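The following exercises concern a sheet and a nonpolar core. Please work through each task before reading its solution.

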Amino acid sequence: MRQTFLLGTFQAEGRDLVLGGDGRADSPGHCAKFGSHTMLELHANVVIDIQLVQSNECGGSYHMEKTGMERFLAHLERQGLAVGTMVTDRHRQIAKWLRETYPHIEHLYDIWHVAKGFSKKLLAASNERECQVLRPWIKSVSNHMYWCAVSTPSGEGAQIVAKWESVVSHVQNVHTGHGDLFQSCIHGRLEGRESHKKWLEPSSKAAVKLETLVCNKTLCKDILKLSGGSQTSAVEGFHSLLIQFAPKMYVFSYTGMLCRILIAALHFNENANRVQGVTKTGEAMYSIKYPKGRKGAAVLRRVLKSPTYVGAGVCLCVCVCVCVSLSLPDSLQVQPLPQVLPITNQDLHKGPEEGCSGPLPFSSGCMCTAWSLCLCVRPSLMCVLLIVRRCSPVYLV
Ligand SMILES: [Zn+2]
């Protein structure tokens, strides 16, 4: 029901959606059994769909992400919603499939994913002999990639590449004559600490190595498609939250995993757009964090207001009530699912539990879903729930 409401809102707005998506495997490594594909509307910052795919229904774990996206885009088409932009990581299979199947969708790459891959290569190069001078430049070159994408208007991919390749000259203390599209650096005269950087010697091994990495054809093609606006950091944030609901170190059934990701989505949407907290005197609150990814470097972050748990709490309360045969409040009565979302036979997926529909939108759930939800609350209820599980297929609203 919540998903129906969100999609209805986008239909009323009549704009093209800006989506960010990524896949998540249920276990570490490369042979996961389940894969969930999450899709966020980046302007609204809400999860609008999650598809849970089992590896044996799509020919292996590598194909789970593409299968999830296929189902999602087919669902959007039936709802009459148009996708304007899709921001993802550099999943080659998805890029090719989107290019061939949905050529009208502008497919862009998230900067963080590209910069992370490049930094790793530069770090490896800096460990080679005579290339140690590259190490102080790793952070700067990574930041330069962000600047190239963000400072360039949408659709000017060639200019992003021209800016990017100018870094080869910049690190050699050459700031003019970069090329036609981007002729010279725009940072002005370097002073103080900036002017005393350890510039690379032209034609040195380190300089040649850097140029080889920066001008790599595959990388430049990726940089051509960098997103200068919306990024997929919210998707990564959702996956961090999902770890709390479905840790990768535990094994869950299909239904159990489905329930957990749906509750996580409800909780995320409820709290995704929290405002910043203020002190008693009305000043905005900040805190200093030392995230693992920054390797000890300090980061200033806004302190948001405390999260709420209404959506997840209601789900769990409903399940507990159902399982212990308590009467539900009127607002939470068990009702048939409204037939607002036409689901074709092709979409219906028979999960491991009889009667459970896998890729249904996360607004719906059957009684076996409720049964599994209760496992989150109190495993001792399991014997009672085994009876509930075989009840008639009614739906929770
Ligand atoms: Zn420069």
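Two exercises with solutions follow.

The model is predicted: local features require pLDDT of at least 70, side-chain atom pairs count only at pLDDT 80 or more, and totals for chains, interfaces and linings use all residues. Residues are numbered from 1 along each chain as its sequence is written.

**Exercise 1.** Determine the strand order of the open sheet and identify which strands stand at the edges.

Solution. Step 1: strands (E, at least two residues) and helices (H or I, at least four) are DSSP runs numbered from the N terminus, and two strands pair if DSSP finds at least two bridges between them. Step 2: the 5 strands follow the order E3-E2-E1-E4-E5, with mixed pairing. Step 3: strand E3 (46–54) and strand E5 (106–109) each have a single partner strand, so one side of each lacks a neighbour in the sheet. Step 4: E1 (residues 17–25) and E2 (residues 34–41) run antiparallel and are joined by 7 bridges; Asp22 stands opposite Thr38 in E2.

**Exercise 2.** Establish which residues touch the most other members of the largest nonpolar core, and which helix gives the largest share.

Solution. Step 1: such a core is a set of buried Ala, Val, Leu, Ile, Met, Phe, Trp, Tyr and Cys residues joined through C-beta atoms within 7 Å; buried means that 20 or more other C-beta atoms, placed from the backbone, lie within 10 Å of the residue's own. Step 2: among its 65 residues, Leu40 and Ile261 touch the most other members. Step 3: helix H11 (residues 254–271) supplies the largest share, 10 residues.

Notes. A residue is buried if 20 or more other C-beta atoms lie within 10 Å of its own, exposed if 12 or fewer, and partly exposed in between; C-beta atoms are placed from the backbone.
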